[in-house]
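Student: I've got a model open and I'd like to learn how to read it. Can you walk me through it, feature by feature?

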Amino acid sequence: MAHTLIEKYKTHMLATALLAGVATVLVVMLGVLFWDDITASVFLYSLVKIIVIVVPLLLAVAYLTFAERKIIGYMQVRIGPNRVGPRGWLQPIADALKLLMKEIVIPTNSNRFLFLIAPTISIAPALAAWAVLPFTDTLVLANIDASLLYILALTSMGVYGVIIAGWASNSKYAFLGAMRSAAQIVSYEIAMGFALVGVLIAGGSLNLVEIVQAQQGSVLHWFWLPLFPLFLVYFISGVAETNRAPFDVSEGESEIVAGFHVEYSGMAFAVFFLAEYANMILIAALAALMFLGGWLSPFEGILPDEFLASGISGLVFGSGVHWLLAKTSLMLLFFLWFRATFPRYRYDQIMRLGWKVFIPITIVWLVIEGAAVVVGLGPWFD
């Protein structure tokens, strides 16, 4: 009995250590941005800003799972969660408490350290990338010149968490799922990178604030229209990057049980779950910033400037963070819609789409866009 209690408390300590590890990584990675003039007051002020960003983000991740079950339920004429709290609104809290109470089982002969560090490696880049994402032209944690390059570098690290989790589990099913997922992520990351090069050319900067400001004007001036093929490639590649349906072959239950995290339970599994949904929000926010005008109002050029800049009408219809949140929510709706609509692809179909369709499309469009820049065509030249 005493031995059982000790083992149980060990698992809860491991869960706490996982959360502490995520928090430590965030503080270190984001604190580096302010290292040049670090003082106690600057560090504390930066820490407060990090918390203001990360805490709502984690709440959004939790309630995105609830929104997914309710929205897909409506699409399939079901009710969805409706038992915990009023109309089911406390369901994410109940799920979190359940996962906190569950035991973390570490497989025999697994690499204990890598097994526990893999979830942290998966979620840390998804959260740290928000250090440079602008909510408005002035509301940004770190407005660095190479913010787009910073995001590309960080998000490419997520695949290491998947590979390490599959290998460290000492399970053939987990390893097979990790290999499939890693190959898929690498394949679509190339097409996604090329799509972002198109945004870089159109915006003339690696700074996300300047990229959004380059889209100033009407809805037709946003990059979604002149870069529409790159917009589609980027978003679909983002769905594949996050291992979401119909690209969720790493979790093909009928083939390989649950993929790379099949041996994970309790809070260790929850961190992988959080990482997936945090990456969804990140991809949706980046799509809104780079192709849909970010915080810019869709009524610019339609309604009078005086109306958009005065009083309550300016707060509602003028540019602001609420438009970025609305556009991000719209992109997230497509993530959920895809899951309710499309069947899972075969693995060879996924590889063919990434290598034989998306990469050639992006290369051809980059050539066309480069030629347009040389001759001075395009809506971003005013």
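Tutor: Let's start with one residue: Val 77 counts as exposed, because its relative accessibility is 77%. Keep in mind that this is a predicted model.

Student: Where is Val 77 found?

Tutor: Val 77 sits in the loop between helix H2 (40-75) and helix H3 (91-101). Its backbone is worth a look too: phi of Val 77 is near 55 degrees, a positive value in a residue other than glycine.

Student: Asn 243 has a positive phi as well, I see. Is Asn 243 buried or exposed?

Tutor: Asn 243 is buried, because its relative accessible area is 7%, and the cut-off for buried is under 20%. Its phi is about 60 degrees, although Asn 243 is not a glycine. You'll find Asn 243 in the loop between H9 and H10.

Student: What should I check about the prolines in a loop?

Tutor: Check omega. The peptide bond from Ala 245 to Pro 246 is cis, with omega near 5 degrees. Pro 246 lies in the loop between helix H9 (228-241) and helix H10 (253-256).

Student: Now helices. How do I read which way the residues of a helix point?

Tutor: The general idea is that an α-helix has 3.6 residues a turn, so residues three or four places apart point the same way. Take helix H5 (residues 147-155): its buried residues are Ser 147, Leu 148, Tyr 150, Ile 151 and Leu 154. Seen down the axis of H5, those buried residues fall within an arc of 155 degrees, so they line one face of the helix.

Student: And empty space inside the protein? How do I find that?

Tutor: Rolling a probe the size of a water molecule over the atoms shows where empty space is left. Here the structure holds 1 cavity of 30 Å³ or more, and the largest cavity has a volume of about 60 Å³.

Student: Which residues line the largest cavity?

Tutor: The lining is made of Ile 151, Leu 152, Thr 155, Met 192, Leu 196, Tyr 234, Ile 283 and Leu 286. H5 gives the most, with 3 residues. At least two residues of the lining come from each of H5, helix H7 (172-203) and helix H11 (266-291).

Student: What about pockets, the open kind?

Tutor: Try the second largest pocket, which has about 680 Å³ of space. Of the 28 residues that line this pocket, the closest to its centre are Pro 56, Leu 57, Trp 130, Phe 135 and Leu 325. H2 gives the most to the lining, with 11 residues, and H2, H11 and helix H14 (321-341) each supply at least two.

Student: Let's do charges. How many salt bridges does the structure hold?

Tutor: There are 7 salt bridges. One of them joins the side chains of Arg 339 and Glu 68, at 2.8 Å, N to O. Arg 339 lies in helix H14 and Glu 68 in helix H2, so the pair ties together parts that are 271 residues apart in sequence.

Student: Are those two side chains buried or exposed?

Tutor: They differ in class: Glu 68 counts as buried, at 3% relative accessibility, whereas Arg 339 is partly exposed, with a relative accessible area of 43%.

Student: What does a salt bridge inside one helix look like?

Tutor: Look at Arg 352 and Asp 348, which both lie in helix H15, 4 residues apart, about one turn of the helix. Their closest N and O atoms are 3.4 Å apart. Salt bridges can also share partners, and in this way Glu 68, Arg 244, Glu 276 and Arg 339 are joined into one network. Asp 348 has a salt bridge with Arg 346 too, at 2.9 Å, N to O. Asp 348 is partly exposed, at 34% relative accessible area, and Arg 346 is partly exposed at 48%.

Student: What if a charged residue has no salt bridge?

Tutor: Then look at its surroundings. Glu 369, found in helix H15 (residues 347-375), is buried yet has no salt bridge. The nearest side chain of opposite charge, Lys 327, is 19 Å away.

Student: Which backbone nitrogen lies 3.3 Å from a polar atom of the Glu 369 side chain?

Tutor: That is the backbone nitrogen of Ala 202.

Terms used. Residues numbered from 1 in each chain as written. Predicted model: local features only at pLDDT ≥ 70, side-chain atom pairs only at ≥ 80, totals over all residues. Heavy atoms only, no water. Buried < 20%, exposed > 50% of the residue type's maximum accessible area, 1.4 Å probe, protein only. Arc of directions from axis to C-beta. Lys, Arg positive; Asp, Glu negative; His and termini not counted. Salt bridge = Lys/Arg side-chain N within 4 Å of Asp/Glu carboxyl O. Polar contact = N/O pair within 3.5 Å; in protein donor to acceptor, adjacent residues only side chain to side chain. 1 Å grid on protein atoms, 1.4 Å probe; cavity = no way out; pocket = protein on both sides within 12 Å on 5 of 7 lines; lining within 4 Å. Points joined across faces, edges and corners; volume = space filled by probe spheres on them.
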